[in-house]
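Biologist: Hey, have you got a few minutes to go through a structure with me? I'm new to this, so plain words please.
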Amino acid sequence: MKRKLTFISLLVSSLICSAQYPGSKYYPTVDGDDVTFRLSAPSASSVKVFGDFLPGVNEYNLGGNVEMVRNSEGEWSYTAKDLAADFYFYYFEVDGVKVLDPHNLKVVCNYSEFYNSFFISGKESEDLEYRDSAKGSVHTIWYDSPEYGGQRRMNVYLPADYSSEKKYPVLYMLPGGGDDEDTWIDMGRLPQIMDNLIGKKKAMEILVVMVNSMPNQLSAPHIMNPIPGKKSHFEMMGTPEGASGGEFANDLIRNVIPYIESHFSVIPEKKGRAICGVSMGGLYLTNIIQNNPKTFDHIALMGSGIMGKGSGDEVLGPVKKEGYRLFWVGAGQKDMAFSSAKNIMDAMDRLSMPYVYFDPQDGHNWRSWRRNLMNLVPELFR
């Protein structure tokens, strides 16, 4: 299902750029809620634009595409109309080969996939864009991980006014299958969301730790290759190790959290820790909170839950016993993971455990998870 950016697609991209657009004009052209895509490819017989806003898109926001129209000079174009205010991804396909837009420097990465991006501005997307609010910082950190036999990589967001004179709560983000420590920055717009919500006084000043939950990698794939001989979480599906994330869960508890609490000015207690798991990362989260119920006071699931119907009592029992301040479940009925989210909500109902349910009104994709984050963060550590 994944379309990998290969050397040949980069070569094609270079060749079709030979006919430069005049001046320094930037593409695509956004005009209100319409956006026009252009690509010069005189020798191509077919050019398509793929995007998460086009007909045929699935619940992952993949697969939507349309044929572009060629003019007499060999320039292909297409205008998408009436788009909602949001952050969008796209790429071109030239005679069956994936090509990034050579006139759009805004490129984002989702595991092994690269896309161009653009904004339709409006009230719904204002917290996703760079605004006038003070800007925090993102620090890329390598830390020692005996579980992985080497150094592993994570990203840490610090609020703009971070000071060693204060103690901050921390949110630990576990990305989903096929994602890594960079994806919440690229696809999730987490730094912008945090800056804007903090700037509006809608959210507390908190640190956010974006870890790599891929069980066979030391870092994002565009930084380092996977560890030889180790299985990915897709290969471990259906096994006990696959449900827990293997070494990942131990790495988080034994290495990531101690590193953060020894290198940053944070609250080193349960009341100062939150954890959020997306999709596959949410399955790992359920294992983590079951075995470490004294560690996190705020727990959030996005597009995830418990796979087996009626099996949540064992997971949630220790959490109920130790107590918690917030349990967030974010997955709408359009999400393929809604049944697993419902399983955990049913279990919490049986156990009389309070929770917050959020419906992002979308499928199993980054649009849903960004909406989750924008609504979750204001509820944390209040």
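Modeller: Sure, let's go through pockets, salt bridges, a helix and a few single residues.

Biologist: Before we dig in, what kind of model is this?

Modeller: It's a predicted model, and the local features we'll talk about need a pLDDT of at least 70.

Biologist: OK, pockets. How much space lies in the second largest pocket?

Modeller: About 440 Å³. There are 21 residues lining that pocket, and the ones closest to its centre are Ala85, Asp86, Glu124, Arg371 and Met374.

Biologist: Which elements give two or more residues to that lining?

Modeller: Strand β7, residues 86-94, and helix α9, residues 366-376. Helix α9 has the largest share, with 5 residues.

Biologist: And how does the lining divide into nonpolar, polar and charged?

Modeller: You get 9 nonpolar, 1 polar and 11 charged residues.

Biologist: Speaking of charge, which residues are linked in a network of salt bridges?

Modeller: Asp52, Asp86, Asp362, Arg367, Arg370 and Arg371. You've met two of those names already: Asp86 and Arg371 are among the residues closest to the centre of the second largest pocket.

Biologist: Remind me what makes a salt bridge possible?

Modeller: Side chains of opposite charge can pair up when their charged atoms come close.

Biologist: How many salt bridges does a search of the whole structure find?

Modeller: It finds 20. Take Lys230 and Glu247, whose side chains meet with N and O 2.9 Å apart. That pair links distant parts of the chain, 17 residues apart: Lys230 is in the loop between β14 and α4, while Glu247 is in helix α5.

Biologist: Are those two buried, partly exposed or exposed?

Modeller: Lys230 is partly exposed at 25% relative accessibility, and Glu247 is partly exposed too, at 23%.

Biologist: What else pairs with helix α5?

Modeller: Arg273 forms a salt bridge with Glu261, and their closest N and O atoms are 2.6 Å apart. Arg273 sits in strand β15 and Glu261 in helix α5, 12 residues apart along the chain.

Biologist: Is Arg273 buried or exposed?

Modeller: Arg273 has a relative accessible area of 10%, so it counts as buried. Its partner Glu261 is at 23%, so Glu261 counts as partly exposed.

Biologist: Now one inside a single helix. Where do Asp346 and Lys342 lie?

Modeller: Both are in helix α8, residues 338-350, and they're 4 residues apart, about one turn of the helix. Their salt bridge has its closest N and O atoms 3.1 Å apart.

Biologist: Why would that spacing suit a pair?

Modeller: An α-helix has 3.6 residues a turn, so residues three or four places apart point the same way.

Biologist: Switching topic: how many disulfides turn up?

Modeller: The search of the whole structure finds 0. As for single cysteines, Cys109 is buried at 5% relative accessibility, and Cys276 is buried at 0%.

Biologist: Let's look at helix α6. What span should it have?

Modeller: It has 12 residues, 280-291, and at 1.5 Å a residue they should span 16 Å. The end C-alpha atoms are 17 Å apart, which agrees.

Biologist: Which residues of α6 are buried?

Modeller: Met280, Gly281, Gly282, Tyr284, Leu285, Thr286, Ile288 and Ile289. Ile289 also helps line the largest cavity.

Biologist: Oh, what's the volume of that cavity?

Modeller: About 40 Å³. Besides Ile289, its lining includes Asn292, Pro293, Phe296 and Tyr324. By class, the lining has 6 nonpolar, 2 polar and no charged residues.

Biologist: What about phi angles? Which sign do they usually have?

Modeller: Most residues other than glycine have a negative phi. Ser279 has a positive one, near 50°. Ser279 lies in the loop between β15 and α6, and at 16% relative accessibility it is buried.

Biologist: And what is phi of Asp82 near?

Modeller: Near 55°, again a positive value in a residue other than glycine. Asp82 is in the loop between β6 and β7, and with a relative accessible area of 63% it's exposed.

Biologist: Last one: where is Glu73?

Modeller: In the loop between β5 and β6. Glu73 is exposed, at 67% relative accessibility. Its C-alpha is separated by 56 Å from that of Ala249, which is 176 residues apart from it along the chain.

Notes:
Residues are numbered from 1 along each chain as its sequence is written. This is a predicted model: local features need pLDDT of at least 70, side-chain atom pairs count only at pLDDT 80 or more; totals for chains, interfaces and linings use all residues. Side-chain values use heavy atoms; hydrogens and water are left out. On a 1 Å grid over the protein atoms alone, a cavity is a set of points where a 1.4 Å probe fits but cannot get out, and a pocket is an open set with protein on both sides within 12 Å along at least five of seven lines; lining residues have an atom within 4 Å of a point. Grid points are joined across faces, edges and corners, and a volume is the space filled by probe spheres set on the points. Ala, Val, Leu, Ile, Met, Phe, Trp, Tyr, Cys and Pro count as nonpolar, Asp, Glu, Lys and Arg as charged, and the others, Gly among them, as polar. A disulfide is a pair of cysteine sulfur atoms within 2.5 Å. Buried means under 20% relative accessible area, exposed over 50%, partly exposed in between (1.4 Å probe, protein chains only). A salt bridge is a side-chain nitrogen of Lys or Arg within 4 Å of a carboxyl oxygen of Asp or Glu. The expected span of a helix is 1.5 Å times one less than its number of residues.
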